[in-house]
Amino acid sequence: MNRRDFYRTTGALGLGLMAGKTAYAGQADDLPEPGFYTENARKLPAREFDVVVAGGGTAGVICAIASARVGARTVLVENKGYVGGVAVEGGTALHSFFNLWKAFPGVKKRQLVRGIPAEMVDRLTARGGATGYAEMVKHFEYDSVCTAIDTEMYKLNAHEMLDEAGVYVCVNTLLAGAIRQGDRVKGVILESRSGREVIMAKAFVDCTGYGDLAAHAGAEYSEPNDYPVVNSMGLGNVDIEKYHHYLAEQNAVGQLAYGVRSGMPGRIIRLGSEGAGGYPPAFVQGARQIGLSAISTTTQDNYLMFIKMNLKLRECPTDRDAVAKAELELRKRMQKGVELFRQHIPGFERAFIARTAPSLVIRRGRLIACDYDLTHEDVLNGRHFEDDVFVYGFHDMAPRFQIKDGGSYGIPYRALCVKKIENLYAAGMMITTDHRAHMSTRNTVSCMGQGQAAGTAAALCALNHFSSRALPYKILRQALEKGGVYFE
Ligand SMILES: Cc1cc2nc3c(=O)[nH]c(=O)nc-3n(C[C@H](O)[C@H](O)[C@H](O)COP(=O)(O)OP(=O)(O)OC[C@H]3O[C@@H](n4cnc5c(N)ncnc54)[C@H](O)[C@@H]3O)c2cc1C
């Protein structure tokens, strides 16, 4: 058997990676370069769609629904077995569908983000899987509302909406490569237990959070590595009223909102202390050592959803081996975290870890270069553009930074067009290089708005044979308005 035949056989048996010493025994002149393996070219099955959405997370779900509703044959590629992304793995509440009206007396309450993101949350709320838009009663200069979600119902609700829209959903499928020709992406390479395959399409949206598709396609990107990596745990067996009572006794209640919890209105759904205030020194010291942040939300009795452990890596979060070490360290920290709560905080005596994320998350990994890069001045001054695709009004560093007069700013279409590639969009936490501006654009509801805009644009381009830069704004705007997007 010569080397080529051997590879064919082992490849067909799925044993390619085991080809090593055995394969080359006795072929001294044919040895490969040590430490390397040359993969054989393979003929892959290929299918055609109009639009590929890479990543079925916060932005990707909305993006794929938007694209399919415009009429494009749309495929969504998601690495995990469920959709939802960091919205169901990292954050505490969905920030924010509204302007910051409560912090600006006299300013009108306005729902800024509508369309498919709002439809998703309204539908979830109606089936008991979200708190709707409960008003904050303390710290409303940070956010005026609290939208907490039941993470498991969110996954189901989102997947059902994709299904109903007619999206071809590939879960448990890794986007492993891109096929580029000149300034266009032609296709993507997928890996799943069904094998390696190609999907060709006319337009593409990268919603992978980390910009995997754009990076595979050779787009320009940076990796600022300016955040810790995080895993957040959900704690069961927590007496929330007892915890609140404890903080209230020391006058240390920080963020607070009441809403529907386990079907009953008027219950605590968001709770945090005022800084480290109110906690015993031993708890504070222990929490510092493991990067613990206790602000949390809930939709169910006896359960707190997101207690975060933070860990700053020296390496970028795209370094697999550094991430492997961090995954272990974060799990150790979560154990220490629950023990700290049990030992020191009333209400947590019998708490246990009921949920963790399947892998660590970060607030930004790769940042993909797009035609326009929003600045912090744009955000704070409430700037609107001639090519706005939706408006937004939340800043994660509020009250230090707030959008002018409790209003909104616009996200321009150009901020989603990947530089130098004619049919690729980016949506989600991978846009906006300015750290402080990103403290606004990266939040869940902004990612969702970006998703609807990018999905709508991709579908219009694919159906009408436009490149992303040739798509007339008027047509996009009409389609977005038809999809319920608000622009003031
Ligand atoms: C710890 C933490 C706390 C946060 N807290 C809040 C908060 O309280 N409120 C708020 O509004 N925002 C919060 N944020 C920000 C917000 O949650 C994220 O910025 C946002 O959810 C990111 O959305 P996304 O669509 O860009 O990425 P994601 O939601 O991560 O979606 C990306 C999806 O792509 C998939 N994927 C990635 N690579 C591939 C691939 N190669 N092939 C196939 N699939 C792939 C992933 O599995 C994932 O499902 C927080 C973020 C973090 C990290």
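This report covers the ligand site and one residue, Ser-296, in a predicted model.

Local features need pLDDT of at least 70 and side-chain atom pairs count only at pLDDT 80 or more, while totals for chains, interfaces and linings use all residues. Residues are numbered from 1 along each chain as its sequence is written, and side-chain values use heavy atoms, with hydrogens and water left out.

**Ligand site**

The ligand is surrounded by 35 residues, counted as near if one heavy atom lies within 4 Å of it. Thr-58, Glu-78, Ala-93, Arg-442 and Thr-444 are the closest. By class, the shell holds 13 nonpolar, 16 polar and six charged residues. Here Ala, Val, Leu, Ile, Met, Phe, Trp, Tyr, Cys and Pro are nonpolar, Asp, Glu, Lys and Arg are charged, and the others, Gly among them, are polar.

Four elements each supply at least two shell residues: helix 3 (58-70), strand 7 (174-181), strand 19 (361-362) and helix 12 (444-464). Helices (H or I, at least four residues) and strands (E, at least two) are DSSP runs, numbered from the N terminus.

Polar contacts to the ligand are pairs of N or O atoms within 3.5 Å.

| Ligand atom | Protein partner | Distance |
|---|---|---|
| Nitrogen | Ala-93, polar backbone atom | 2.6 Å |
| Oxygen | His-95, polar backbone atom | 3.0 Å |
| Nitrogen | Asn-443, polar side-chain atom | 3.4 Å |

Taken alone, the ligand exposes 1,000 Å², and the protein buries 95% of that (Shrake-Rupley method, 1.4 Å probe).

**Ser-296**

Ser-296 sits in strand 16 (residues 296-297). Its relative accessible area is 0%, so Ser-296 is buried (under 20%, 1.4 Å probe, protein chains only). Leaving out residues up to four places away in sequence, Ser-296 touches partners including Thr-92, Arg-270 and Phe-306, with contact meaning heavy atoms within 4.5 Å.

Technical notes
A polar contact is a pair of N or O atoms within 3.5 Å; within protein, one must be able to donate a hydrogen and the other to accept it, and residues adjacent in sequence count only if both atoms are side-chain atoms. Buried means under 20% relative accessible area, exposed over 50%, partly exposed in between (1.4 Å probe, protein chains only).
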